[in-house]
Every structure is written in C-alpha cells, then in structure tokens.
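Me: I would like to go through the ligand site of this model and ask what each label rests on.

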Amino acid sequence: MKTAIVTDSTAYIPKDIREKLRIHMIPLSVVFGNESYQEEVEISIDDFYEKIRRSKILPKTTQPSTGMFTELFERLAKDYDAVISIHLSSGISGTYQGAVTAGNMVDSIKVYPFDSEISCMAQGLIAIEAAEMALKGEEPETILRRLEQMRANMRAYFMVDDLSHLQRGGRLSGAQALIGSLLQVKPILHFQNKVIVPFEQVRTRKKAVSRIFELFGEDAKTGRPMKAVIIHGNREEEALKWKEELSALYPHVEFWISYFGPVIATHLGEGAMGLCWIKD
Ligand code: MYR
C-alpha cells in the first residue's frame with residue numbers, strides 16, 4: 001500500500017525535509033487588499049514582515065480552495081493508493097473541512113483527512129512521523145492510530161506580544177469577556193477542544209516564559225528522550241536563548257527551532273513565542 005502524506009503550509013516544515021520525506025504541501029494564503037499570496041510558495045516570512053511594515057492594509061488569511069485539494073488528490077492518485085491529509089485545527093480554520101469535502105468528491109483515491117487540532121511545527125511533527133511511517137510502507141490505519149496517539153499527547157503553550165491580532169481575527173475563544181483584563185497581562189495560550197483559549201494569566205513576559213519552561217519541565221524531567229520545538233515570531237535570537245537554556249537543563253531532549261509563518265503570524269503578530277512537545 002502506497003500512502004501519500006499531505007499537510008498544509010502552516011506546519012512550516014522546511015522544504016528539504018518535505019522533499020526528503022515526500023510530504024506534499026498545500027498552501028494557505030495571506031491577503032493584503034486585492035493581493036493574495038500563497039505562503040511558503042509566493043511569500044516567505046521575511047517578505048511578509050517587510051510587506052507588513054510597508055503596507056497600510058492589515059492582512060487577512062484564507063484556506064486553500066476545494067479545487068486545490070481535488071486537483072492535488074487526483075494528481076496523487078496516479079502514484080499512490082491512499083492519502084492522509086493532515087491539517088491545522090478545524091477550530092481555527094476551514095482547511096480540514098476543505099480536505100474532507102474534496103476527499104468525498106474524488107473517487108480515484110481514498111482520502112483520510114486528519115485534524116491535528118493544533119498547527120505550526122506541532123502539526124509538522126505529526127506530518128513528519130506520518131511520512132516516515134508511510135515510507136516504511138505502513139498501512140493508513142496503522143499510521144492514523146499513531147497520529148491519534150501523538151495528537152492526544154501533544155502539548156503546546158504560546159504567548160503573544162499583543163493580543164489585538166488574535167482578537168481582530170476572531171481566533172481567541174471564550175475570552176471576549178476577558179479581553180479587557182487580558183490586554184493588561186501576558187496570557188499563556190493553548191489549544192483546548194480545537195480552539196485557542198487562555199491557559200493562565202501572568203503579569204510579565206518573563207513570568208510567562210518561566211511558567212512555560214516549568215510546564216515543559218514537568219514532562220521533560222522523566223529523562224526519556226523526546227523532541228521539542230521552540231517556535232518564534234521573528235525572534236530568532238530569543239528562540240536560540242530558549243534552546244540554550246533548555247538544552248542545559250534537559251540534555252536528553254532534541255530541540256528544534258521553527259517559526260510562525262505568514263498565515264499564523266497574521267493572527268499572532270510579531271514577537272509571539274511558543275514551545276511544543278509530545279508527552280509520550
Ligand atoms: C485561515 O484563514 O483559515 C487560517 C486561520 C489561522 C488562524 C491561526 C490562529 C493562531 C494559531 C496559533 C498556533 C500556535 C501553535 C503552537
């Protein structure tokens with residue numbers, strides 16, 4: 001059984017890894033007025049920040065069209081028997097639903113849409129594992145069982161510099177009543193039931209960082225080898241500092257650094273930082 005792995009651009013998997021593991025990527029877009037750019041294809045993260053600084057228009061984001069999905073699935077049907085299509089949380093984007101709709105429209109290949117219930121490199125870790133298993137010839141059902149296990153054990157906490165981006169894009173759930181008070185503090189955010197909710201409120205960015213490190217430490221102190229990803233919104237220096245500090249404390253953990261790309265940065269703003277890991 002040959003299974004193709006598809007994920008969307010918000011996993012921000014570097015191109016060389018995508019090529020090596022044969023991960024097919026479907027892009028979401030950022031839209032400045034009438035101009036739409038597919039992220040990772042037509043606009044890089046550096047171009048995005050450059051454009052943000054020059055543009056008077058605030059960007060919006062859009063999911064891939066159903067047509068893009070059907071075209072990709074039909075193309076994959078020529079070389080594969082099945083597709084596992086892994087997407088950002090259905091609670092924050094219609095992308096997963098797009099894969100479901102397209103999968104039902106295409107007869108030439110069996111499509112298994114998978115809702116990662118997260119995004120960014122947390123979703124990337126899931127797609128990478130799926131691709132490694134697919135390359136070994138594992139059956140789609142076996143791969144999906146492992147992905148469900150990873151999803152259940154995924155931990156991701158993040159913080160933003162300015163909550164107004166999340167508020168404007170309507171991606172901060174259950175917090176409308178709290179917005180006023182949240183703007184005064186640095187909330188730590190996480191996903192619960194597919195949507196973004198405040199996890200805890202702390203006074204300063206420094207305290208938010210120590211609390212995220214503490215949460216990570218609770219799972220990392222077991223000494224079991226694990227992978228963790230530090231994700232930054234144009235704060236590479238800070239990400240490198242996190243890596244240095246955390247690697248000294250947890251030498252058994254393999255730390256990767258990733259970034260919030262254009263689509264996610266539109267909703268989080270510059271300066272966001274996050275840490276994700278799989279507790280298994
Ligand atoms: C769309 O237009 O369909 C895309 C909407 C994307 C919303 C992104 C909201 C922020 C997600 C933060 C993920 C952090 C993961 C560690």
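The turns below take the labels one by one; the model is a predicted one.

Me: What makes the pair between the ligand and the side chain of threonine 61 a polar contact?
Reply: A polar contact needs N or O atoms within 3.5 Å. An oxygen atom of the ligand is 2.6 Å from an N or O atom in the threonine 61 side chain, so the pair qualifies.

Me: How do you know that serine 93 makes one as well?
Reply: Its side chain has an N or O atom 2.7 Å from a ligand oxygen. That is within 3.5 Å, so this pair is also a polar contact. The protein covers 98% of the 490 Å² of accessible area that the ligand has on its own.

Me: Where does the ligand sit, and which elements give two or more residues to its shell?
Reply: The ligand sits in the largest pocket. Strand 5 (60-62) and helix 11 (262-268) are the elements that give two or more residues. Helix 11 provides the largest share, four residues.

Me: Why is Arg171, one of the nearest residues, counted as charged?
Reply: Arg belongs to the charged class along with Asp, Glu and Lys, so Arg171 is counted there. The shell has one charged residue, besides nine nonpolar and four polar ones.

Me: What do the two domains give to the shell?
Reply: Domain 1 (3-152) and domain 2 (154-278) each give at least three residues.

Methods
Residues numbered from 1 in each chain as written. Predicted model: local features only at pLDDT ≥ 70, side-chain atom pairs only at ≥ 80, totals over all residues. Heavy atoms only, no water. Polar contact = N/O pair within 3.5 Å; in protein donor to acceptor, adjacent residues only side chain to side chain. Areas by Shrake-Rupley, 256 points an atom, 1.4 Å probe, with all protein chains shown as cover. 1 Å grid on protein atoms, 1.4 Å probe; cavity = no way out; pocket = protein on both sides within 12 Å on 5 of 7 lines; lining within 4 Å. Sits in = over half its atoms within 2 Å of the grid points. Domains from an automatic or database assignment.
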